[in-house]
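This briefing is meant to be read with the sequence and the 3D view side by side. Please look at both before going on to the points below.

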Amino acid sequence: MLYRLFIILLSFNVVAQEYEITSENIEINTELKTINYINNVVYESKQILFTADKLFLNQENDSFVATGSPVKIKFYDGFEFIEGEAEKVEIDSKLLKLSNNVSILKSGNKINSEKMTIKLADDKG
């Protein structure tokens, strides 16, 4: 059975909006302020959508780390939605960091790299 957790990001500077995470397993550590989502993870907000094998959320330093083979991602760069994949995706502050076998399709152009950092657009609505 898939568990759904709907959270409003009040303390996160990452996206500062509602998001939804779905996964098969959820591990919550209140002492460390972490939530681990494992197996068939889907993260969805207005700016970012991705699927991953695992997602680690750290409430202490306001960050996400997703891993997968690969993580499939779609994000808004301020002008258009861009699709791509990478083995690791990190969201920290207003940065989206992709690493390990990164492949992005933007405006019909394919970009391949080992590391890529993207500044996320401010949410205006």
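Is Glu80 buried, partly exposed or exposed, judged by its relative accessible area? With a relative accessible area of 25%, Glu80 counts as partly exposed, because the buried class ends under 20% and the exposed class begins over 50%. The model shown here is a predicted one, and the points below take up its salt bridges, its nonpolar core and its paired strands.

**Salt bridges**

- The structure holds three salt bridges, and one of them joins Glu80 to Lys106, with the closest N and O atoms 3.2 Å apart.
- Glu80 sits in the loop between β6 and β7, while Lys106 belongs to strand β8 (residues 95–106), so this pair ties together parts that are 26 residues apart in sequence.
- Lys106, the partner of Glu80 in this salt bridge, is partly exposed, its relative accessible area being 27%.
- Another salt bridge brings together the side chains of Lys33 and Glu60, at 3.6 Å from N to O.
- Here Lys33 comes from the loop between β3 (25–29) and β4 (34–44), and Glu60 from the loop between β5 (48–58) and β6 (63–76), so the parts tied together are 27 residues apart in sequence.
- The two partners fall into separate accessibility classes, since Lys33 is partly exposed at 40% relative accessibility, whereas Glu60 is exposed at 54%.
- The side chains of Glu85 and Lys72 also meet in a salt bridge, with 3.0 Å between N and O.
- Because Glu85 lies in strand β7 (residues 81–92) and Lys72 in strand β6, this salt bridge ties together parts that are 13 residues apart in sequence.
- Both side chains are partly exposed, Glu85 at 26% relative accessibility and Lys72 at 44%.

**The nonpolar core**

- The largest nonpolar core has 26 residues, and those with the most contacts inside it are Phe50, Leu55 and Leu98.
- Two or more residues of this core come from each of the elements β2 (18–23), β4, β5, β6, β7, β8 and β9 (109–119).
- Once the neighbours within four places in sequence are set aside, Phe50 is in contact with Val41, Val42, Tyr43, Leu55, Ala66, Val71, Lys72, Ile73 and Ile91.
- Lys72 therefore appears in two settings, as a contact of Phe50 and as the residue of strand β6 that is tied to Glu85 of strand β7.

**Paired strands and their turns**

- Strands β7 and β8 run antiparallel and are joined by eight bridges, and within this pairing Glu85 has Ser103 of β8 as its bridge partner.
- The same two strands form a hairpin with two residues between them, and Ser93 in the turn has a positive phi of about 55°.
- Strands β8 and β9 are likewise antiparallel, with 10 bridges joining them, and Leu95 has Lys119 of β9 as its bridge partner.
- The hairpin of β8 and β9 also has two residues between the strands, and in this hairpin Ser107 takes a positive phi near 50°.

**A buried serine in β8**

- Ser99 is found in strand β8, and its relative accessibility of 11% means that it counts as buried, because buried is set at under 20%.
- Leaving out residues up to four places away in sequence, Ser99 touches Ala86, Glu87, Lys88, Glu114 and Lys115.

Definitions and conventions
Residues are numbered from 1 along each chain as its sequence is written. This is a predicted model: local features need pLDDT of at least 70, side-chain atom pairs count only at pLDDT 80 or more; totals for chains, interfaces and linings use all residues. Side-chain values use heavy atoms; hydrogens and water are left out. A salt bridge is a side-chain nitrogen of Lys or Arg within 4 Å of a carboxyl oxygen of Asp or Glu. Helices (H or I, at least four residues) and strands (E, at least two) are DSSP runs, numbered from the N terminus. Buried means under 20% relative accessible area, exposed over 50%, partly exposed in between (1.4 Å probe, protein chains only). A nonpolar core is a set of buried Ala, Val, Leu, Ile, Met, Phe, Trp, Tyr and Cys residues joined through side-chain atoms within 4.5 Å. Contact means heavy atoms within 4.5 Å. Two strands pair if DSSP finds at least two bridges between them.
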